[in-house]
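Please work through the following exercises with the sequence and the structure at hand. Each task is followed by a worked solution.

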Amino acid sequence: WISFNVLTQDMSLNSMLETLSGNGIFIKDQSGYSDYYDEYGWYGTLSELNNSSMYKLNISDNSIVSLTGYPADVEQTIIDAKLGWNWIGYTPQYSMEINSALSDIPDGNATFIKSQSGYSEYYGEYGWYGTLQGLDPYEGYVAYFTQDTPFTYVGSSLLSTSSVTPVKYTDDSFDVDPSDYEYNATLT
């Protein structure tokens, strides 16, 4: 699950994912997809990337996406969340604590957010609570909104690495690589 917080002159898939060197297989956002063909490049209903969406990218081998461009204008990049589940990107160039990062969302308009490795639920008296304690550059998120809610990332509190305590299942007989599974769930 990835997002892009950079603007380039050419936001097409073939340009943005050029450095995958043929390791790309498939990419999709909430409304479109593209397959990679060696002789042609990316082909499908998804042809350009943006800063407000999250993308699911399937690659055949470990790869690095290298881009040259300008940082996304965080305060001008509006995430136009609709009622229901939304695939959202993260535009800041630094990590933020989740309550700061999502402070532009009115109270109760979003109730749940998850990444590939964690989740948080929103409680009106408390704020966001769960294993997802901060949002990070290049990560993508899936969030549930109770109504249409355009928002931006306007918080200014940096996330220090010492403030995040990941919760980890420690039974050595059970080993899961989340990238092996198309679907995931959470339990509170």
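**Exercise 1: Surroundings of I113**

In this predicted model, I113 touches I88, I98, L102, G118, Y119, S120, W128, L132, L135, Y141, V142 and A143, leaving aside residues up to four places away in sequence.

Task: Determine which residue stands opposite I113 in β14, and in what sense β10 and β14 pair.

Solution. Step 1: β10 covers residues 110-114 and β14 covers residues 141-145. Step 2: The residue opposite I113 in β14 is A143, and A143 is also among the residues that I113 touches. Step 3: The pairing of β10 with β14 is antiparallel and runs over four bridges.

**Exercise 2: The sheet**

Task: State the strand order of the open sheet of five strands, and explain why one side of β8 and of β12 is left without a neighbour in the sheet.

Solution. Step 1: The order is β8-β14-β10-β11-β12, with antiparallel pairing. Step 2: β8 (84-88) and β12 (127-130) are the edge strands; each has a single partner strand, so one side of each lacks a neighbour in the sheet. Step 3: From one strand to the next, the twist averages 25°.

**Exercise 3: The nonpolar cores**

Task: Describe the largest nonpolar core and identify the element that gives the largest share of it.

Solution. Step 1: This core has 20 residues, and those with the most contacts inside it are I88, L102, I113, L135, F151 and Y153. Step 2: Two or more residues each come from β7 (79-81), α2 (98-101), β10 and β14. Step 3: β14 gives the largest share, three residues. Step 4: A second core, separate from this one, has eleven residues, including L13, I27, W42 and L49. As general background, nonpolar side chains in soluble globular proteins tend to be buried together.

**Exercise 4: T152**

Task: Is T152 buried or exposed, and which residues does T152 touch?

Solution. Step 1: T152 is located in the segment that follows β15 (149-151). Step 2: The relative accessibility of T152 is 9%, and the cut-off for buried is under 20%, so T152 counts as buried. Step 3: Leaving aside residues up to four places away in sequence, T152 touches V74, E75, T77, I78, A101 and D104.

**Exercise 5: The whole chain**

Task: What percentage of the residues of the protein chain count as buried, and how many helices and strands are there?

Solution. Step 1: The chain contains two helices and 15 strands. Step 2: Of its 188 residues, 38% count as buried. Step 3: Of the contacts between residues at least 6 apart in sequence, 72% join residues at least 24 apart.

Terms used
Residues numbered from 1 in each chain as written. Predicted model: local features only at pLDDT ≥ 70, side-chain atom pairs only at ≥ 80, totals over all residues. Heavy atoms only, no water. Core = buried A, V, L, I, M, F, W, Y, C linked by side-chain atoms within 4.5 Å. Buried < 20%, exposed > 50% of the residue type's maximum accessible area, 1.4 Å probe, protein only. Contact = heavy atoms within 4.5 Å. Pairing = 2+ DSSP bridges. Axes fitted to C-alpha atoms, helices over the stretch in contact; angles between N-to-C directions.
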